[in-house]
Amino acid sequence: MIKIRIFDNTKEAGIYAASLAEQVILRNTSTVLGLATGSTSIPFYDALVRFCNEGLNCNGVTTFNLDEYVGLPSNHPQSYRHFMDVHLFSKVKISDMNIYFPDGTAADLKAECNRYDNVLKDYELDFQLLGIGTNGHIGFNEPSHLLLSNTHVVSLSKDTIQSNARFFQSELDVPRQAITMGVQAILQAKQIVLMAFGYDKAKVVAQAVQGQIRTDLPATMLQLHRDVTFVLDAKSSSEL
Ligand code: GLP
């Protein structure tokens with residue numbers, strides 16, 4: 001059963017989601033967080049940074065990010081690594097050695113995916129943060145007739161390119177490919193928190209929670225997990 005929590009505003013929602021992460025961090029001496037990017041996750045990072053400023057110790061935290069665009073170097077303003085540097089890593093004490101990211105500029109992308117999976121297999125994700133695409137993608141696991149379990153290179157769907165174009169100068173600038181963690185690593189996380197806000201996400205949130213499990217709506221896979229919480233606002237929950 002997916003747990004649903006609905007908040008008046010995104011700030012409150014971010015504080016709730018970050019407090020779930022805080023509980024995990026406090027329970028373990030070393031915590032492994034799976035992290036997501038996208039505008040929805042910003043209130044989560046704002047709250048987590050606040051908790052750290054207020055005394056939460058993140059020294060023992062290791063992080064794995066879900067995905068990265070192919071071709072964007074880490075200092076590119078739209079790379080996910082840059083997003084994380086701006087919203088979290090520059091503001092809290094997480095050692096650089098404990099931050100793991102797929103490298104979208106690797107010459108051999110397949111080898112890079114294998115490298116990421118090899119690191120991942122030595123860790124257990126205690127907590128996985130997710131956003132959701134309007135097409136139901138999680139990470140960059142796009143709707144398809146099949147889903148891949150391991151980290152892989154994905155061709156971004158037209159929907160995703162269009163909806164992520166808002167962050168680039170034009171749609172033509174959006175990378176056509178990305179590296180994403182597969183559904184196996186996501187579903188093996190002990191706890192999953194998915195955040196979604198706004199009317200744009202209402203339909204897909206309802207399908208993810210109540211619809212049939214299908215690979216052309218990857219977020220429906222979350223119904224198979226034992227500990228998933230959807231953190232929503234009134235708009236994104238309006239079709240439930
Ligand atoms: C990207 C990311 C996803 C994220 C989605 C939602 O496509 N790869 O992990 O869930 O954006 O983004 P936003 O929160 O900006 O709507």
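Which residue of strand 6 is the bridge partner of Gly34? In this predicted model, the bridge partner of Gly34 in strand 6 is Gln128, and that pair makes a handy way into the fold. A word on bookkeeping comes before the rest. Residues are numbered from 1 along each chain as its sequence is written, and side-chain values use heavy atoms, with hydrogens and water left out. Because the model is predicted, local features need pLDDT of at least 70 and side-chain atom pairs count only at pLDDT 80 or more, while totals for chains, interfaces and linings use all residues.

Overall, the protein has seven helices and 10 strands; these are DSSP runs numbered from the N terminus, with H or I over at least four residues for helices and E over at least two for strands. The radius of gyration is 17 Å, close to the 18 Å that the globule rule gives for 240 residues, so the protein is as compact as a globular protein of that length. That radius is taken over C-alpha atoms, and the rule is 2.2 Å times the number of residues to the power 0.38. Along the principal axes, the C-alpha atoms fill a box of roughly 45 × 45 × 35 Å. Of the 240 residues, 55% count as buried, where buried means under 20% relative accessible area, exposed means over 50% and partly exposed is in between (1.4 Å probe, protein chains only). Contacts (heavy atoms within 4.5 Å) reach well along the chain: among those between residues at least 6 apart in sequence, 77% join residues at least 24 apart.

As for the surface, its accessible area comes to about 11,200 Å², and 48% of that belongs to carbon and sulfur atoms. Areas come from the Shrake-Rupley method with a 1.4 Å probe, and for residues only the protein chains shown count as cover. On the charge side, there are 20 positive and 25 negative side chains, and the centres of the two sets lie 3 Å apart. Here Lys and Arg count as positive and Asp and Glu as negative, with His and the chain ends not counted; each charge is placed at NZ of Lys, CZ of Arg, CG of Asp or CD of Glu.

Back to the sheet. Seven strands form an open sheet in the order 1-10-9-6-2-3-5, with parallel pairing; two strands pair if DSSP finds at least two bridges between them. The edges are strand 1 (3–7) and strand 5 (99–100), each of which pairs on one side only. Gly34 links two neighbours here: Gln128 is its bridge partner in strand 6, and Phe64 stands opposite Gly34 in strand 3. Strand 2 (residues 31–35) pairs with strand 6 over two bridges and with strand 3 over five, both in the parallel sense. Five of the five residues of strand 3 (residues 61–65) are buried, so this strand is largely enclosed by the rest of the structure. Val61, Thr63 and Asn65 cover one side of strand 3, with Thr62 and Phe64 on the other.

Moving along, Gln128 also stands opposite Ile192 in strand 9, and strands 6 and 9 pair in the parallel sense over three bridges. In strand 6 (residues 127–130), Phe127 and Leu129 point one way and Gln128 and Leu130 the other, and all are buried. Ile192 in turn has Val228 of strand 10 as its bridge partner, within a parallel pairing of strand 9 (residues 192–196) and strand 10 (residues 228–233) over five bridges.

Strands 7 and 8 (residues 177–180) pair in the antiparallel sense over four bridges, with Ile179 as the bridge partner of Val153. In a regular strand the side chains alternate between the two faces of the sheet. Along strand 7 (residues 152–155), His152 and Val154 point to one face and are buried, while Val153 and Ser155 point to the other and are not.

A few single residues round things off. Val174, in the loop between helix 5 (158–164) and strand 8, is buried at a relative accessible area of 2%. Leaving aside neighbours within four places in sequence, Val174 is in contact with Ile161, Asn164, Ala165 and Phe168. His87 lies in helix 3 (residues 80–89) and is buried at 17%; beyond the same four-place window, His87 is in contact with Ile42, Tyr45 and Val49. Ser90, in the loop between helix 3 and strand 5, is exposed at 56%. Ser90 and Val49 are 41 residues apart in sequence and 9.8 Å apart in space, C-alpha to C-alpha.
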